[in-house]
Amino acid sequence: METVSTNRSYGGTQGVYSHASSATGTDMSFAVYVPDHEEGAKLPVLWYLSGLTCTHANVMEKGEYRRAASELGLIIIAPDTSPRGEGVPDDSAYDMGQGAGFYVDATEEPWSTHFRMRSYIETELPELIAANFPADMSRQGIFGHSMGGHGALTLALRNPDRYKSVSAFSPIVAPTNCPWGKKALGRYLGLDKAAWRQYDACALIEDGARVTDILVDQGTSDNFLEEQLKPQLLAEACAKADIPLTLNLREGYDHSYYFISTFMADHLRWHADRL
């Protein structure tokens, strides 16, 4: 692991790091914010997964999480959204290829060699974090935005013993039922829709996956609300499964980091209560 940069902020250290990933076969970058703490202390970990076109930098520069993270004593980890670099497949559209990994392990060519973001987030990066940061890996939560909200929900539902808390901003809750998801899952995973269900929060809940509770914030002026995000489908799935869901519909807010940063501290406090 190499240190790209470090900066002091709100009584903590914001770092950016890179390493050669065995999961993706590429160099990967990620951001970690570590609040100041007593020597030898281990802090709870909160993962943030970003949306389409983003890198670690979007939330790091616009998310406004450091003040609350420092006050609450939370380590914040922000990975990239896909492998990148020379030789890595890409697509001219913003919703496929580099910047659009959808947190899956691709099985179809040309994506299957490098697009293994599920393995990267579930296995490889946590091992690197545990080895290099004062992280209490028995206390992990996860949240994200849009495509990253999809990633957070599905990761938590598949690993309920690992992630003690899960929330999302404007998540893609049912990618098997929206244009973004159908395109990405079809090309990354092939045409067998049974293979898609492990990457669909509503389908996972229908198939028996459970978490303790879920927090979602959604702007009512989000341009993607009706066609792509469909939070009502998550509400229906959670109601049938008796999973407590707090779904906040935020009047007039859109899909941007103006929205995310407004409610970021609320989410951090929600996770801190559970971690």
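Helices (H or I, at least four residues) and strands (E, at least two) are taken here as DSSP runs, numbered from the N terminus. The model is a predicted one, with pLDDT of at least 70 required for local features and 80 or more for side-chain atom pairs, while totals for chains, interfaces and linings use all residues. Residue numbers start from 1 along each chain as its sequence is written, and side-chain values rest on heavy atoms, with hydrogens and water left out.

S165 sits in strand 7 (residues 163-169). With a relative accessibility of 2%, S165 counts as buried (under 20% relative accessible area, with over 50% called exposed and anything in between partly exposed; 1.4 Å probe, protein chains only). Its C-alpha atom is 11 Å from that of L155, 10 residues away along the chain.

Over in helix 9 (residues 257-274), H271 is buried too, at 0%. The side chains of S165 and H271 are joined by a polar contact of 2.6 Å (a pair of N or O atoms within 3.5 Å; within protein, one must be able to donate a hydrogen and the other to accept it, and residues adjacent in sequence count only if both atoms are side-chain atoms). As for plain contacts (heavy atoms within 4.5 Å), and setting aside residues up to four places away in sequence, S165 touches Q140, G141, I142, W270, H271, R274 and L275. With neighbours within four places likewise left out, H271 is in contact with L46, G141, I142, F143, S165, V166 and S167.
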